[in-house]
Amino acid sequence: MVYIFYNIVYAALAYPLGILADKFSMKTILLFGLLLFAIVYAGMAFNHNLRIFFLLFFIYGMYAAATDGVSKAWISNLVEKKQTSTAIGTFTAFQSICTMLASVLGGWLLLFYGFPLFFILSSLASLLAFFYIFIVV
């Protein structure tokens, strides 16, 4: 049920956040999404309240809406038009590989160290990505 809620939030906010990305900048909305991810995962590390759990999944849906389409749109603006499909395909392939590797590492962390460390490290990784994009890109 919570993932249905997450998907409804994601679907409802993807379009408005896309409009904001066009109005302000894709980088700004992507950074906003990374901060939301860090907040959600830090919250998951310590939360034991069902209402806060639903709030975190609402924010998690906002994160997905702020990063998924916006990252692909940003990539399509960075490459020549005839290279757009290749660029997005390459991005998606690397994203999938990194997701698989993160899942293996995450499973290992969960197995040996538990949920709090897993969520805190995920939150910190998101903050590292945030600062990298903010400073370097």
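**Exercise 1.** Leaving aside its neighbours within four places in sequence, which residues is threonine 67 in contact with? Place threonine 67 in its helix, and decide whether threonine 67 is buried or exposed.

*Solution.* The model is a predicted one, and the steps below are to be read with that in mind. Beginning with location, threonine 67 belongs to helix 3. Once neighbours within four places in sequence are set aside, the contacts of threonine 67 are with Leu30, Gly33 and Leu34. The relative accessible area of threonine 67 is 9%, and because buried means under 20%, threonine 67 counts as buried. As a last step, consider the polar side of the residue: a polar atom of the threonine 67 side chain lies 2.9 Å from the backbone oxygen of tyrosine 63.

**Exercise 2.** Describe the surroundings of serine 71, and state which backbone oxygens its side chain meets.

*Solution.* Serine 71 is found in helix 3, which spans residues 50-78. Its relative accessible area of 11% makes it a buried residue, since the cut-off for that class is under 20%. Two backbone oxygens then come into view: that of threonine 67 lies 2.8 Å from a polar atom of the serine 71 side chain, while that of aspartate 68 is reached by the serine 71 side chain at 2.9 Å. Not counting residues up to four places away in sequence, serine 71 touches Leu30 and Phe91.

**Exercise 3.** Classify the packing of helix 2 against helix 3 by angle, by handedness and by the residues of the contact.

*Solution.* The axes of helix 2 and helix 3 come within 8 Å of each other and cross at roughly 150°. Angles over 145 degrees count as roughly antiparallel, and helix 2 and helix 3 are therefore roughly antiparallel to each other. Their crossing is left-handed. Sorting the residues of this contact by class gives 22 nonpolar, five polar and one charged.

**Exercise 4.** Carry out the corresponding analysis for helix 3 and helix 4, naming the residues that meet.

*Solution.* Helix 4 covers residues 84-113, and its axis comes within 9 Å of the axis of helix 3, with a crossing of roughly 140°. The two helices are therefore oblique to each other, and helix 3 passes helix 4 in a right-handed crossing. From helix 3 the participants are Ser71, Lys72, Ile75 and Ser76, which meet Thr84, Ala87, Ile88, Phe91 and Thr92 from helix 4. Divided by class, this contact has four nonpolar, four polar and one charged residues.

**Exercise 5.** At what angle do helix 1 and helix 2 pack, and which residues of the two helices meet?

*Solution.* Helix 1 (residues 2-23) packs with helix 2 (residues 26-46) at an angle of about 135°, their axes being 6 Å apart. That angle makes helix 1 oblique to helix 2. On the side of helix 1, Leu17, Leu20, Ala21 and Asp22 take part, and they meet Met26, Ile29 and Phe32 of helix 2. By class, the contact has six nonpolar, no polar and one charged residues.

**Exercise 6.** How far apart are the C-alpha atoms of isoleucine 97 and alanine 73, and which exposure class does isoleucine 97 fall into?

*Solution.* Isoleucine 97 sits in helix 4. Along the chain, isoleucine 97 and alanine 73 are 24 residues apart, and their C-alpha atoms are separated by 20 Å. With a relative accessibility of 43%, isoleucine 97 counts as partly exposed.

Conventions. Residues are numbered from 1 along each chain as its sequence is written. This is a predicted model: local features need pLDDT of at least 70, side-chain atom pairs count only at pLDDT 80 or more; totals for chains, interfaces and linings use all residues. Side-chain values use heavy atoms; hydrogens and water are left out. Axes are lines fitted to C-alpha atoms, for helices over the stretch in contact, and angles run from 0 to 180 degrees between N-to-C directions. Helices (H or I, at least four residues) and strands (E, at least two) are DSSP runs, numbered from the N terminus. Angles under 35 degrees count as roughly parallel, over 145 as roughly antiparallel, 65 to 115 as roughly perpendicular and the rest as oblique. Contact means heavy atoms within 4.5 Å. Ala, Val, Leu, Ile, Met, Phe, Trp, Tyr, Cys and Pro count as nonpolar, Asp, Glu, Lys and Arg as charged, and the others, Gly among them, as polar. Buried means under 20% relative accessible area, exposed over 50%, partly exposed in between (1.4 Å probe, protein chains only). A polar contact is a pair of N or O atoms within 3.5 Å; within protein, one must be able to donate a hydrogen and the other to accept it, and residues adjacent in sequence count only if both atoms are side-chain atoms. A crossing is left-handed if the near helix is turned anticlockwise from the far one by less than a right angle, and right-handed if clockwise.
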